[in-house]
Amino acid sequence: PKTDIVFLKVHKSASSTVMNVLFRFGETHNLTFAFPIGGGNQLFYPRHFLARFVQGFSPRSHQRFNILCHHMRFLQPEVQKVVSSSAVYFSILRNPVQLMESSFMYYKGTSAFSRARSLEEFFSQPYHYYNPADSDSHYARNLMTFDFGFNPDGAVSAKRVQLMLKAIEASFDLLLISEYFDESMVLLKEMLCWDLDSVISFPLNIRDSSTKSPLSDTIVEKIKDWNRLDWEIYTHFNRTFWERINQDIGRERMQQEVKALRKRQAELARTCLQGIGSVAPKDIKDSSLQPLQHGKAKILGYNLKQGLDKETERMCRRLVTPELQYSSALYKKQFAQKRP
């Protein structure tokens, strides 16, 4: 199994669920994580990543970390200073239309979104709300482009798009697609030589559907247009995703793998969870499993079954622990005060 991994955690793209997979694998195999200085969940985002943002990094020591997966704005020469040269790089993308709708609810407090009552209102005159000079403007336009380290307000020329796609292809071994999450996990499992249980997950940091609203065709087109760079990235890598499946696994075997994954996930849900799945924040009984609530989104969580034996309880708890709590527990473990 591969243990040196860089995951570029793109915002609002099922990346918290992927992070849980990496946290569990890292914890079980005693791997080191490249944590932000002082803990926390972002490597000084939205600044471009620098090696010195990582706790325990020193240019003089040759220590490398196994897993780099906290939110960052990608800058490969700096990333290479903290991980081994054989590290596997991957990321996950999401359809920019859904991504924009999700960001609008989740980052409602940002400069671009706070005054617009709806996406319709925002798109009636985007530049009335959006100012590229605002420090949080990246949440409102070409967010994936920004996370990959590029300029989200750059002109959309064929040449620029080509250079951007080539740069991403040169840096990343695999790009997952959040709309095909199960297929993505199968590809990831194959690439990392992991077993099935290592890539099973329960969806984390997901929104209650009551806060989602359908988008009109007009708005969909406006979103694509506004996020043209993201759209180019997404359509290109959605195509290569399926090419890779055809080439490496084949559709038939992929179907079987996905079936096995879903079956195992259902087994674990029956073992671990009360009820049939996620519950509203107000119904989460264990406060340590309460996900962070943000913006206008209602983030769902889970209740564990009572009376599980110790080993099963530990496994189940890992599966449903929200990102911030899990990250901070791993941070404390990795940097436990070594008293003389």
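Reader: At its relative accessibility, is C316 buried or exposed?
Author: The model in front of you is a predicted one, and in this model C316 has a relative accessibility of 0%. A residue is called buried when its relative accessible area is under 20%, so C316 counts as buried.

Reader: Which cysteine does a disulfide join to C316?
Author: A search of the whole structure finds one disulfide. Two cysteine sulfur atoms make such a pair when they lie within 2.5 Å, and here the S to S distance is 2.0 Å, in a link that joins C316 to C272.

Reader: How many residues apart are C272 and C316, and where do they lie?
Author: The disulfide joins C272 to C316, and this pair links distant parts of the chain. C272 belongs to helix α12 (residues 251–272), while C316 belongs to helix α13 (residues 310–320), and the two are 44 residues apart.

Reader: Is the link of C272 and C316 left-handed or right-handed?
Author: The angle to consider is the one about the S-S bond, which is -70° for C272 and C316. With that angle, the link is left-handed.

Reader: Why is the sulfur of C69 not in a bond with that of C193?
Author: A disulfide needs two cysteine sulfur atoms within 2.5 Å. For the sulfur of C69, the closest cysteine sulfur is that of C193, and this is too far for a bond because the distance is 19 Å.

Reader: Are C69 and C193 buried, partly exposed or exposed?
Author: C69 has a relative accessibility of 0%, and so it counts as buried. C193, which is in no disulfide, has a relative accessible area of 48%. As exposed means over 50% and buried means under 20%, C193 is partly exposed.

Reader: Which residues lie closest to the centre of the largest pocket?
Author: The largest pocket has a volume of about 880 Å³. It is lined by 45 residues, and those closest to its centre are K12, S16, L204, N205 and I206.

Reader: Which elements give two or more residues to the lining of the largest pocket?
Author: By class, the lining of the largest pocket, which has a volume of about 880 Å³, holds 21 nonpolar, 15 polar and nine charged residues. In the largest pocket, of about 880 Å³, the elements giving two or more lining residues are α1 (15–28), α3 (96–106), α8 (181–192), α12 and α14 (323–334).

Reader: Which element supplies the largest share of the lining of the second largest pocket?
Author: The second largest pocket holds about 290 Å³ of space, and among its 13 lining residues R24, T28, D197, M315 and R318 lie nearest its centre. At least two lining residues come from each of α1, α9 (196–199) and α13. The largest share is five residues, and these come from α13.

Reader: Which residue in β3 is the bridge partner of L8?
Author: L8 is in strand β1 (residues 5–8), where V6 and L8 point one way, I5 and F7 point the other way, and all are buried. β1 pairs with strand β3 (residues 88–93) in the parallel sense over four bridges, and the partner of L8 there is S91.

Reader: Is the crossover from β1 to β2 left-handed or right-handed?
Author: β1 also pairs with strand β2 (residues 67–68) in the parallel sense, over two bridges, and in β2 the bridge partner of V6 is L68. Between these two strands the chain passes through α1, and this β-α-β crossover is right-handed.

How values were computed:
Residues are numbered from 1 along each chain as its sequence is written. This is a predicted model: local features need pLDDT of at least 70, side-chain atom pairs count only at pLDDT 80 or more; totals for chains, interfaces and linings use all residues. Side-chain values use heavy atoms; hydrogens and water are left out. Buried means under 20% relative accessible area, exposed over 50%, partly exposed in between (1.4 Å probe, protein chains only). On a 1 Å grid over the protein atoms alone, a cavity is a set of points where a 1.4 Å probe fits but cannot get out, and a pocket is an open set with protein on both sides within 12 Å along at least five of seven lines; lining residues have an atom within 4 Å of a point. Grid points are joined across faces, edges and corners, and a volume is the space filled by probe spheres set on the points. Ala, Val, Leu, Ile, Met, Phe, Trp, Tyr, Cys and Pro count as nonpolar, Asp, Glu, Lys and Arg as charged, and the others, Gly among them, as polar. Two strands pair if DSSP finds at least two bridges between them. A crossover is right-handed if, with the strands pointing away from the viewer, the path from the first strand over the helix to the second runs clockwise.
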